[in-house]
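Colleague: Thanks for sitting down with me. Could we go through this model together, with you telling me what stands behind each label?

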Amino acid sequence: MDALVVSSPQGDLTAAKVPVPTIDADELLVRIRAVGVGIHDSTFLPRQLVLPYPIGIEAAGVVEEAGFAASGYGVGDRIAFVSMMQPKGGVWAEYAAVRADSLILPVPDGMGFEDAAAIPVAGNSALRALHALPATPPGGAIFVAGASGAVGTFAVQLARERGWEVAASASTPNHDYLRSLGATLTVDYRDPQWTEQVRRWRPEGLDGAVAVQPRTTAPCMGLVKAGGTVVTVSGDQVAPAHGVRVSGLAYGADVREELLAVMDRIARGEFILAIERVFPFTDALAALAKVQTRRARGKVVISLG
């Protein structure tokens, strides 16, 4: 099968022909139809790496074969999923072996594979980020730093549905777009005065913040009032201060049903899914390079037809 693989110990990426993986009893063999592209796709790799190794962690496709212990799934099922650190390879390939205990979501009727592949990682991350915030009643306010990308566009909409006011940062050309998603205040992260603009908006301080982009956690700390939380999606290492807590994603929260509900609403046109561009598989490296700029409006997807 065709795949985009790590081909050397130095991490070189190349297109290659590799064998279709064989599955164990607790696995599914999935024919990949579309891939969600993430900035870490070429670095989320198992420690014991057998080269050449297909990269990628998020995709949508059709179940071609199901192991006898992979209960609940059958041949022909349309699924979107996250498959990480698997020794048999990732999802940037025509086929992937997927453990049945992975995050697997049925694709709703009427939803295409390209849309489905754009949802699992960003939707899951946004939901877990909001679960990590303190209990906030309607009328509360949060800030989303780096809001125009895949995680941010989910977070803005989900926060508004909870009745929260949202301030969001992005480059100026994305401000109208963020307001269309529900953001009340938009600021340009390149403006030296952006933190002051947020403080003027809510002088009493915000209930929380979601720092999506790297190096945004620290400036968010000065926007949140005591008792609030800054959730770092990127993994910034920042100490708590002035009564403001720093948290990672709420990995203990079970958000699967919420994510399924979001998928259904996307299929019905009730929730906006932002896909900036769909690349053909032959341009997979260009798709990866695009997301690594960290400048995006929503998700980048690769189509395998």
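Colleague: What makes Arg160 and Glu165 a salt bridge?

Modeller: Happy to go through it, and please keep in mind that this is a predicted model. The label needs a side-chain nitrogen of Lys or Arg within 4 Å of a carboxyl oxygen of Asp or Glu. For Arg160 and Glu165 the closest N and O atoms are 3.7 Å apart, so the pair meets the cut-off of 4 Å.

Colleague: Are those two residues buried or exposed, or something in between?

Modeller: In between. Partly exposed covers the range from 20% to 50% relative accessible area. Arg160 has 31% and therefore counts as partly exposed, and Glu165, at 23%, is partly exposed too.

Colleague: How many salt bridges does a search of the whole structure find?

Modeller: The search gives 17 salt bridges. One of them is formed by the side chains of Glu58 and Lys299, at 2.8 Å from N to O.

Colleague: Why do you say that Glu58 and Lys299 tie together parts that are apart in sequence?

Modeller: Because Glu58 belongs to strand β5 (residues 58-66) while Lys299 belongs to strand β16 (residues 299-303), the pair links parts that are 241 residues apart in sequence.

Colleague: And how do you know whether Glu58 and Lys299 are buried or exposed?

Modeller: Buried means under 20% relative accessible area. Glu58 has 1%, so it is buried. Lys299 has 5%, so it counts as buried as well.

Colleague: What about Lys225 and Asp207: what distance lies behind their salt bridge?

Modeller: Their side chains meet at 3.3 Å, N to O. Lys225 sits in strand β13 (residues 224-232) and Asp207 in strand β12 (residues 206-211), so this pair ties together parts that are 18 residues apart in sequence. With 34% relative accessibility Lys225 is partly exposed, whereas Asp207, at 15%, falls on the buried side.

Colleague: Which residues do salt bridges with shared partners join into one network?

Modeller: That network is made of Asp24, Glu27 and Lys88.

Colleague: Let's return to β16. Why is this strand called largely enclosed?

Modeller: Because 5 of the 5 residues of β16 are buried, the rest of the structure largely encloses this strand. Both faces are covered: Lys299, Val301 and Ser303 are buried on one side, and Val300 and Ile302 are buried on the other.

Colleague: Which strands pair with β16, and in what sense?

Modeller: Strand β3 (residues 27-37) pairs with β16 in the antiparallel sense over 4 bridges, and Val37 has Val300 as its bridge partner in β16. Strand β15 (residues 275-280) pairs with β16 in the parallel sense over 5 bridges. There, the partner of Phe279 is Ile302. Pairing requires at least two bridges, so the 4 bridges to β3 and the 5 bridges to β15 satisfy that condition.

Colleague: What makes β2 and β4 the edge strands of the open sheet?

Modeller: The sheet has 3 strands in the order β2-β1-β4, with antiparallel pairing. Strands β2 (13-17) and β4 (53-54) each pair on one side only, and that gives them the edge label. Between β1 (residues 2-6) and β2 there are 5 bridges, and Val6 is matched with Leu13 in β2.

Colleague: Now for empty space. What is the volume of the largest cavity, and which residues line it?

Modeller: The structure holds 1 cavity of 30 Å³ or more. The largest cavity has about 40 Å³ of space, and its lining includes Phe44, Tyr53, Met84, Met85 and Gly90. By class, this lining has 7 nonpolar, 5 polar and no charged residues.

Colleague: And what do you find in the second largest pocket?

Modeller: Its volume is about 180 Å³. Of the 13 residues lining this pocket, Val18, Pro19, Pro52, Pro54 and Lys88 are the closest to its centre. The lining divides into 10 nonpolar, 2 polar and 1 charged residues.

Colleague: One last residue: why is Asn174 called buried?

Modeller: Asn174 has 11% relative accessibility, so it counts as buried. Its place is in the loop between β10 (165-169) and α4 (175-181). Leaving out residues up to four places away in sequence, Asn174 touches Ser148, Ala296 and Arg297.

Conventions: Residues numbered from 1 in each chain as written. Predicted model: local features only at pLDDT ≥ 70, side-chain atom pairs only at ≥ 80, totals over all residues. Heavy atoms only, no water. 1 Å grid on protein atoms, 1.4 Å probe; cavity = no way out; pocket = protein on both sides within 12 Å on 5 of 7 lines; lining within 4 Å. Points joined across faces, edges and corners; volume = space filled by probe spheres on them. Nonpolar A, V, L, I, M, F, W, Y, C, P; charged D, E, K, R; others polar. Helix = DSSP H or I, 4+ residues; strand = E, 2+ residues; numbered from the N terminus. Buried < 20%, exposed > 50% of the residue type's maximum accessible area, 1.4 Å probe, protein only. Contact = heavy atoms within 4.5 Å.
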